Amino acid sequence: MASPLTSYAPPPHLPPPQAPGVSKITMNLIHWCILNTPGPQVIDAIKNYHASYPYMIYQRDGFGVTPLELAFRINNRFAAEAIQQLDMERRTVAQTQRPMAPVPSLLETKLLRLLRLVKIQNDGYPMDELTQEFAIKRVPGMPVRLEDYIEQRKWGCMCGKCTEGWLSPRMRYRLAYASDVIEESVNPTSRSSDNTPNTIPAIKDIKAYGQGFKSILSTTRVLLQTADMPINKAVIASHSRGKPGVGSYLQDGGTIEGVLDPLTSWVWRIMSDAYVREEFEADISQKENGGDVYKALPVCSNDLNFALVRRRLGLAVDDCESHRGVGDEDMGGLLLASTRVQFIEQLLSLRRAGEL
């Protein structure tokens, strides 16, 4: 019958030692005790060696196997129980010797949470947090490569279908539908229109200016209806070039922001009111097959994140705070301006210094 030492082989999922010419198993004293000390006697042997060399219960041999893994492999329950008990005692001592951290006050806790939210709004979720999430518990339906996963999740996407990680399919559909509604109803030559910028510069040709506004709005709608098409000011400007009235619109002081601002703020105002939102969704459902298409789109945490959409489009968020409705606080505090990070950090410093 082969001895335990000669029958010991590396686990099938681990490679043999990498060093060339190594034929003997590199083990420490705990490994040797587990293989050569019979019955309950191994408990005292392990404890004696552990008293002088505590690190050995975690040390791996040439095959990458720890003493505990070896004990389980050869069914040595005495050795396994001894190692687990020593590990538990070490952890207990470490916990009792660790100095207690001061308990933060309720105000400090809220400020820290607020600071984290503001930083996420400005820069997205931290890379180290997303890396840990990828390793421990990935969001279903997301990319399988770490780099792609981080890119998709950085801005809070939960569906795996958001364009550039922030523009969800339902948000695209809503904005495209709203673009169509505004294009049919808005009169950009009227200085009192609810769907046009409040301030209109001196215009040489009001008709051409209005046509250019509609052309850019129409281009935005087409881009929104094109799946996975990136949406930003540069893309919209490029696709709008040469369209009727666009040149006059831009020459007379019109901007791409002048189209995106009323579009996003108008839809944001609608979706902030539960009753109006139901009517808006009903209108979408009644328009040809739009309802079936819309209902089939995946649900995402970015579906109502209008503040994120405006930030990614380079628009101000604070200008739209008057459109906030009940429940906007549950959107992750996305209505805070980036300039408030420094203010919150100053509040935290004052609180920790006892001056607040």
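1. A starting point for reading this structure is Asp 283, whose place is in helix α14, the helix that covers residues 274-286. Asp 283 counts as partly exposed because its relative accessibility is 38%, and together with Asp 273, Glu 278 and Glu 279 it forms a negative surface patch. It should be kept in mind throughout that this is a predicted model.

2. Turning to paired charges, a search of the whole structure finds eight salt bridges. In general terms, side chains of opposite charge can pair when their charged atoms come close. One of these pairs is formed by the side chains of Lys 233 and Glu 257, which meet at 3.0 Å, N to O. Lys 233 lies in helix α11 (residues 233-240) and Glu 257 lies in helix α13 (residues 257-271), so this salt bridge ties together parts that are 24 residues apart in sequence. Lys 233 counts as partly exposed, at 29% relative accessibility, and Glu 257 is likewise partly exposed, with a value of 29%. Elsewhere, salt bridges that share partners join Arg 145, Glu 147 and Asp 148 into one network.

3. Within that network, the salt bridge between the side chains of Glu 147 and Arg 145 has an N to O distance of 3.4 Å, and Arg 145 counts as partly exposed because its relative accessibility is 46%.

4. A further salt bridge brings together the side chains of Arg 221 and Glu 183, with 3.3 Å from N to O. Because Arg 221 lies in helix α10 (residues 206-225) whereas Glu 183 lies in helix α9 (residues 169-185), the pair ties together parts that are 38 residues apart in sequence. How far are these two side chains covered, that is, is Arg 221 buried or exposed, and is Glu 183 buried or exposed? Arg 221 counts as buried, since its relative accessibility is 17%, and Glu 183 is also buried, with a relative accessible area of 19%; the cut-off that matters here is that buried means under 20%.

5. The loop between α8 (146-153) and α9 deserves a careful look, and Thr 163 has its place there. Thr 163 is buried, with a relative accessible area of 7%, and although Thr 163 and Asp 228 are 65 residues apart in sequence, they are 5.4 Å apart in space when taken from C-alpha to C-alpha. Glu 164 lies in the loop between α8 and α9 as well, but Glu 164 is partly exposed, with a relative accessible area of 41%. Ser 168, which is also found in the loop between α8 and α9, is buried, with a relative accessible area of 0%, and a polar contact of 2.7 Å joins its side chain to that of Asp 303.

6. Another contact concerns Asn 302, whose place is in the loop between α15 (290-296) and α16 (306-312). Asn 302 is buried, with a relative accessible area of 2%, and its side chain reaches the backbone oxygen of Gly 165 at 3.4 Å.

7. Two backbone angles should be checked by eye. Most residues other than glycine have a negative phi. Glu 164, however, has a positive phi of about 55° although it is not a glycine, and Asp 228 has a positive phi of about 65°, again without being a glycine. The place of Asp 228 is in the loop between α10 and α11, where Asp 228 is exposed, with a relative accessible area of 60%.

8. Finally, which residues form a nonpolar patch on the surface? They are Leu 29, Tyr 53 and Tyr 55, which have about 280 Å² of accessible area together. Tyr 53 is found in the loop between α3 (41-52) and α4 (67-73), and it is partly exposed, with a relative accessible area of 36%. Tyr 49, by contrast, has its place in helix α3, where it counts as partly exposed at 28% relative accessibility; Tyr 49 and Ile 30 are 19 residues apart in sequence and 7.1 Å apart in space, C-alpha to C-alpha.

How values were computed. Residues numbered from 1 in each chain as written. Predicted model: local features only at pLDDT ≥ 70, side-chain atom pairs only at ≥ 80, totals over all residues. Heavy atoms only, no water. Patch = residues over 30% accessible without salt bridge, like charges linked within 9 Å, V, L, I, M, F, W, Y side chains within 5 Å. Areas by Shrake-Rupley, 256 points an atom, 1.4 Å probe, with all protein chains shown as cover. Salt bridge = Lys/Arg side-chain N within 4 Å of Asp/Glu carboxyl O. Lys, Arg positive; Asp, Glu negative; His and termini not counted. Charge placed at Lys NZ, Arg CZ, Asp CG, Glu CD. Helix = DSSP H or I, 4+ residues; strand = E, 2+ residues; numbered from the N terminus. Buried < 20%, exposed > 50% of the residue type's maximum accessible area, 1.4 Å probe, protein only. Polar contact = N/O pair within 3.5 Å; in protein donor to acceptor, adjacent residues only side chain to side chain.
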